[in-house]
Amino acid sequence: QVQLQESDPGLVLPSQTLSLTCTVSGGSIAANNYWTWVRQVPGKGLEWIGYISFSGNTVYSPSLASRTSISRDTSKNQFTLQLDSVTPEDTAVYYCVREAFNNLALDFWGKGSLVTVAS
């Protein structure tokens, strides 16, 4: 069973960089599938942020691409989201998710990490 666990940065100051790491167990991030970040702003729907593939390629949402970077450490089986120049509008629950290679289903989810951007 694949399990994902987000780190917990908690509070981030405006204009700073948000950094979240997802630790994966039960499957290698370098084997197959896409390793994805999504977020949910309180009271709104899910927003897809981007992914890093099993080969290390990255794809980002056009609306966030200028501020987003996703990287990985295959030795630790982790992937990391960095979002630059955050504002209070980036306050959300952030989820790391496995996106299945064969059908693009978001089939395994972390529990989510609430990140608050405030001074």
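Buried means under 20% relative accessible area, exposed means over 50%, and partly exposed covers what lies in between. Keep these cut-offs at hand for the exercises below, which work on a predicted model.

**Exercise 1. Classify the two partners of the Arg98 and Asp107 salt bridge as buried, partly exposed or exposed.**

Solution.
- Step 1: Start with the contact itself. Arg98 and Asp107 form a salt bridge, and their closest N and O atoms lie 2.6 Å apart.
- Step 2: Take Arg98. Its relative accessible area is 15%, so Arg98 counts as buried.
- Step 3: Now take Asp107. Its relative accessible area is 32%, so Asp107 counts as partly exposed.

**Exercise 2. Which residues are joined into one network by salt bridges that share partners?**

Solution.
- Step 1: Recall the general idea: side chains of opposite charge can pair when their charged atoms come close.
- Step 2: Name the network. Shared partners join Arg39, Glu47, Arg67 and Asp90.
- Step 3: For the whole model, the count of salt bridges comes to four.

**Exercise 3. Trace the two salt bridges of Asp90 to Arg39 and Arg67, and say which parts of the chain they link.**

Solution.
- Step 1: Begin with Arg39. The closest N and O atoms of its salt bridge with Asp90 are 2.9 Å apart.
- Step 2: Place that pair on the chain. Arg39 belongs to strand β4 (residues 34–40), while Asp90 sits in the loop between β8 (78–83) and β9 (92–99). The two are 51 residues apart, so this pair links distant parts of the chain.
- Step 3: Move to Arg67. Its salt bridge with Asp90 has closest N and O atoms 3.0 Å apart.
- Step 4: Place this pair too. Arg67 lies in the loop between β6 (58–60) and β7 (68–73), 23 residues from Asp90, and this pair also links distant parts of the chain.
- Step 5: Check burial. Arg39 and Asp90 are both buried, and Arg67 is buried as well.

**Exercise 4. Lay out the open sheet of four strands, and explain why one side of β1 and of β7 is left without a neighbour.**

Solution.
- Step 1: Write down the order, β1-β3-β8-β7, with antiparallel pairing.
- Step 2: Find the edges. β1 (3–6) and β7 stand there with a single partner strand each, so one side of each has no neighbour in the sheet.
- Step 3: Add the twist, which averages 20 degrees from one strand to the next.
- Step 4: Look at one pairing. Strand β3 (residues 18–25) and β8 run antiparallel and are joined by six bridges. Leu20 stands opposite Leu81 in β8.

Definitions and conventions. Residues are numbered from 1 along each chain as its sequence is written. This is a predicted model: local features need pLDDT of at least 70, side-chain atom pairs count only at pLDDT 80 or more; totals for chains, interfaces and linings use all residues. Side-chain values use heavy atoms; hydrogens and water are left out. A salt bridge is a side-chain nitrogen of Lys or Arg within 4 Å of a carboxyl oxygen of Asp or Glu. Buried means under 20% relative accessible area, exposed over 50%, partly exposed in between (1.4 Å probe, protein chains only). Two strands pair if DSSP finds at least two bridges between them. Axes are lines fitted to C-alpha atoms, for helices over the stretch in contact, and angles run from 0 to 180 degrees between N-to-C directions.
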